[in-house]
Amino acid sequence: MGNFLVGKVIAVTGAGRGIGRAVALACAAHGARVVVNDYGVSVEGGEPSSEVAAAVTEEITAAGGEAVAAADDVATMAGGARIVDTALERYGRLDGVVCVAGILRERMLFNMTEEEWDPVVATHLKGTFTLFRAASAVMRKQRSGTLIGFTSGNHQGSVAQANYASAKGGIISLVRSAALGLHKYGVTANAVAPVARTRMSANVPMELTEIGEPEDVAAFVVYLLSDRAREQKITGQVYTVAGPKIALWAQPREVRAAYSADGWSPEKLAASLPVTLGTDPMPMLAQLEAMAAAAAKGERPNG
Ligand SMILES: NC(=O)c1ccc[n+]([C@@H]2O[C@H](COP(=O)([O-])OP(=O)(O)OC[C@H]3O[C@@H](n4cnc5c(N)ncnc54)[C@H](O)[C@@H]3O)[C@@H](O)[C@H]2O)c1
């Protein structure tokens, strides 16, 4: 299919289904040897099965590619280390890590339990850390490598997925930290916010106006993993991929500042803040209000 990743070894987590599977297949089709990780769980994270990773590994080898299965849980340090070790033991190197694994446990914040919070944050955020931690030690010595985290537009906030949104926000900070901390070792780190038809996106309670297929996301990830993206100095970035649309997210920065030479009191702030700083419009809040207005008219809201 292509030759963007010839000679590279890439580990993909959550590669048994959805976007991860498409990424693993595309990496192999572009010449990479692939570690196919998947814990094989339900959308909520239960009932693990090693068959899911094995099936995609067979799919790759049947198509003439090279792959090895790893059914580890990315939420454990041992699991993350084993996935990296699998690459080293089988192929002798590791050029890229793509952390796609994820689960959902939806609940309004005021009802959310510890059992709904912890596994979601552990799978997404810690599950990216465990791979980045083990892989970056290898890449630092090798003086090259690419780390990719998976975030979501929901990092801006979410009505009923505070656990997921928090983890996705954390992944962006982790990616930026990796980009900064590993810059001098020639290692890049970026985040992808996908919108694609999978079992996970099937239950979104709105009509998504911008959505595509897992293969659209996979093509973007192959580019990010390639020497072309490394030569183009792509690091510390967050990109959306939604079908035909790709988009770049802004780096966080201060919008406006105000100073008071003799300090700020609550009274002074009450008088000054609305004029000097004001607020920065929150797109998700505006969308929420538009959705509520559409629902009040009996229409199906657009997202
Ligand atoms: N589909 C979308 O539109 C969309 C939107 C925003 C973000 N994302 C993100 O993209 C990623 C992929 O989502 P998807 O839609 O393909 O989901 P999916 O449910 O189809 O696939 C996720 C895979 O991760 C695996 N997994 C879960 N926990 C794991 C663990 N602890 N260790 C290893 N593997 C584990 C699952 O078994 C599953 O095969 C996720 O991080 C998700 O949050 C997806």
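**Exercise 1.** Look at the second largest pocket in this predicted model: what volume does the pocket have, and which residues line it?

*Solution.* Start with the size: the second largest pocket comes out at about 270 Å³. Next, walk along the chain and pick up the lining. You'll meet His155, Gln156, Ile172 and Arg176, then Val238, then the run Trp249, Ala250, Gln251, Pro252 and Arg253, and finally Asp280 and Pro283. Now sort that lining by class: six residues are nonpolar, three are polar and three are charged.

**Exercise 2.** Into which domains is the protein divided, and how far apart do the C-alpha centres of domain 1 and domain 2 lie?

*Solution.* First, mark the bounds: domain 1 covers 9–248, and domain 2 covers 254–303. Then take the C-alpha centre of each domain; the two centres sit 33 Å apart.

**Exercise 3.** Work out the order of the eight strands in the open sheet, and say which strands are at the edges.

*Solution.* Going across the sheet, you read 3-2-1-4-5-6-7-8, and the pairing is mixed. That puts strand 3 (66–70) and strand 8 (245–248) at the edges, each with pairing on one side only. Ignoring direction, neighbouring strands are turned by 20° against each other on average.

**Exercise 4.** How many bridges join strand 2 to strand 3, and which strands does helix 3 touch?

*Solution.* Begin with strand 2 (residues 33–37): five bridges tie it to strand 3, and the two run parallel. For one such pair, take Val34, whose bridge partner in strand 3 is Ala67. Now add helix 3 (residues 77–91), which packs on the sheet and touches strand 1 (9–13), strand 2 and strand 3. The direction of helix 3 makes about 145° with that of strand 3.

Conventions: Residues are numbered from 1 along each chain as its sequence is written. This is a predicted model: local features need pLDDT of at least 70, side-chain atom pairs count only at pLDDT 80 or more; totals for chains, interfaces and linings use all residues. Side-chain values use heavy atoms; hydrogens and water are left out. On a 1 Å grid over the protein atoms alone, a cavity is a set of points where a 1.4 Å probe fits but cannot get out, and a pocket is an open set with protein on both sides within 12 Å along at least five of seven lines; lining residues have an atom within 4 Å of a point. Grid points are joined across faces, edges and corners, and a volume is the space filled by probe spheres set on the points. Ala, Val, Leu, Ile, Met, Phe, Trp, Tyr, Cys and Pro count as nonpolar, Asp, Glu, Lys and Arg as charged, and the others, Gly among them, as polar. Domain bounds come from an automatic or database domain assignment. Two strands pair if DSSP finds at least two bridges between them. Helices (H or I, at least four residues) and strands (E, at least two) are DSSP runs, numbered from the N terminus. Axes are lines fitted to C-alpha atoms, for helices over the stretch in contact, and angles run from 0 to 180 degrees between N-to-C directions. Contact means heavy atoms within 4.5 Å.
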